[in-house]
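Please open the structure in a viewer and keep the sequence at hand. The tour below proposes one selection after another and says what is found at each stop.

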Amino acid sequence: MKKLFALFGALGVAATMGLGSGTAAKASELTLCWAAWDPANALVELSKDFTAQTGIGMKFEFVPWTNYADRFLNELNSKGKLCDLIIGDSQWIGGSAENGHYVKLNDFFDKEGIKMSDFVDATVVGYSEWPKNTPNYWALPAMGDVVGWTYRKDWFSRPELQKEFKEKYGWDLDAPKTFDQLKQVAEFFQNRDIDGKKVYGASIYTERGSEGITMGVMDVLYSFGFKYENPDKPYEMEGFVNSEKSVKGLEFYKALYDCCTPPGASNSYMGEGVDAFKSGQVAMHMNFAFTWPGLQKDEAVGGDKVGFFANPAGPDGEQFAQLGGQGISVVSYSDKQEDALKYIKWFANPDVQKKWWSLGGFSCLKAVVEDPAFPASQPYAKTFLESMAIVKDFWAEPSYASLLQASQKRFHDYVVAGQGTAKEALDGLVADWTEVFEDDGKL
């Protein structure tokens, strides 16, 4: 789930790119719509093989994350014909299925022998299914993503810091396994002098305007025991969203923000986090996995200087992480659905998926990520696998935007603005979400 940000110079991607025949748009040319970011560059390169094999040209409409949701949801809602294929946010599945924006793919998958069991289970639920946990598919998992952590491995390995940390906390300074350990590490580095520069403990998500603080807070709350609803009674949230465990998780997030973040970190999301890490400000950095290839290659902080770890476990040993990523869908308003389905079939091929990973995309195909050679294929591959095994996702309801706006306000008001208590924030969130579902006729 990432809909409102541009990163790593992705604005350098042309808003509309041509690939293949170089001729004017016709039946043998498809337009694929996605966000303007590094994985989009990789997809352009990958798709050259599709054109070579099929003769079908490819155009790309890439829009910065800041405008991505507004641009393409407006296109879908107006039944526009710009996009033949769209890589839509995971949260769009419910609304796009119920409003008829996407082609249902079950019959096509059956005809072509494409099995959803061949893809990582969590990505099928997160990117493809609506209703959730039913065999109704509206997308092929395309870009796996999850919130995890990077850390300054070079700082952690300094003998003098290891000695000081061990004397103070009683365990070896290393990538934290629990949130309690993470906070200790963050406190240890906060306001410390490293190579003549003051540094800070951690960069975490606090952004108010789109989805940032919700993605960060949920990344912690899941492992503390938060649940969206009663497992036995859908949309019953009292005692689950605002449970005692949920309250402790939200209190922890605020404590981490208060103790251990850099100055001016009150509205931080993906780009601000990358900047803080690349500039040497922080010892640890919460962010989606798609940032890892760029950080690994960075001359200042990459290579042997950077390490990766999965979201830590909570106080009771539960360990989950916030799902990101997207699936690829055929737009129901396209006049070129037959050719668009050919692209889906091609993209699902294991050899194509292997190349997708090698170019910087994040494959969701089990044949790729469960290959014995995969963990050693990139320094962050093992952490990606560990993280994707523990994912949970935000509401994918058609009214997800209203649900998200409520959580953004409640979390930011408490964590950053210091208004009220964690219990009051979560009680208010239950009331907000209840009102949304009542309006939807689900309560």
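**A cysteine to begin with**

Select Cys 364 to start: this residue is buried, with a relative accessible area of 1%. The model on the screen is a predicted one. Cys 364 takes part in no disulfide. The nearest cysteine sulfur belongs to Cys 33 and is 20 Å away.

**The disulfide of Cys 33 and Cys 83**

Move next to Cys 33 and add Cys 83 to the selection. The two residues form a disulfide, with 2.0 Å between their sulfur atoms. In general terms, such a link is a covalent bond between the sulfur atoms of two cysteines. The torsion about the S-S bond of Cys 33 and Cys 83 is about -95°, and the disulfide is therefore left-handed. Which parts of the chain does this pair tie together? Cys 33 belongs to strand β2 (residues 29-35), whereas Cys 83 sits in the loop between α2 (65-77) and β4 (85-89), so the bond connects parts that are 50 residues apart in sequence. Both Cys 33 and Cys 83 are buried.

**The disulfide of Cys 259 and Cys 260**

Now select Cys 259 together with Cys 260. A disulfide joins these residues, and the distance from S to S is 2.0 Å. Here the torsion about the S-S bond is about -95°, so this disulfide is left-handed. Are the two partners buried or exposed? Cys 259 has 23% relative accessibility and counts as partly exposed, while Cys 260, at 0%, counts as buried. The count of disulfides comes to two. With the bonded cysteines of the chain numbered in sequence order, the pairing reads 1-2, 3-4.

**A negative patch on the surface**

Switch to a surface display and select Glu 98, Glu 435, Glu 438, Asp 439 and Asp 440. These residues form a negative surface patch. Which helix supplies the largest share of the negative patch? Helix α18 (residues 422-439) does, with three residues. Asp 439 has its place in helix α18. At a relative accessible area of 63%, Asp 439 is exposed, because this value is over the 50% that marks an exposed residue.

**The loop between α5 and β5**

Return to a backbone display and select Trp 130 and Pro 131. The peptide bond that leads from Trp 130 to Pro 131 is cis, with omega near -10°. Pro 131 is located in the loop between α5 (121-128) and β5 (140-152). Stay in this loop and select Asn 133, which is also found between α5 and β5. Asn 133 is a residue other than glycine, yet its phi is positive, near 65°. With 64% relative accessibility, Asn 133 counts as exposed.

**The loop between α9 and α10**

For the final stop, select Tyr 235. This residue lies in the loop between α9 (212-224) and α10 (244-260). What is the phi of Tyr 235? The angle is positive, at about 70°, although Tyr 235 is not a glycine. Is Tyr 235 buried or exposed? Its relative accessibility is 16%, and because a residue under 20% is taken as buried, Tyr 235 counts as buried.

Terms used. Residues numbered from 1 in each chain as written. Predicted model: local features only at pLDDT ≥ 70, side-chain atom pairs only at ≥ 80, totals over all residues. Heavy atoms only, no water. Disulfide = S-S within 2.5 Å. Helix = DSSP H or I, 4+ residues; strand = E, 2+ residues; numbered from the N terminus. Buried < 20%, exposed > 50% of the residue type's maximum accessible area, 1.4 Å probe, protein only. Patch = residues over 30% accessible without salt bridge, like charges linked within 9 Å, V, L, I, M, F, W, Y side chains within 5 Å. Areas by Shrake-Rupley, 256 points an atom, 1.4 Å probe, with all protein chains shown as cover. Salt bridge = Lys/Arg side-chain N within 4 Å of Asp/Glu carboxyl O. Lys, Arg positive; Asp, Glu negative; His and termini not counted. Charge placed at Lys NZ, Arg CZ, Asp CG, Glu CD.
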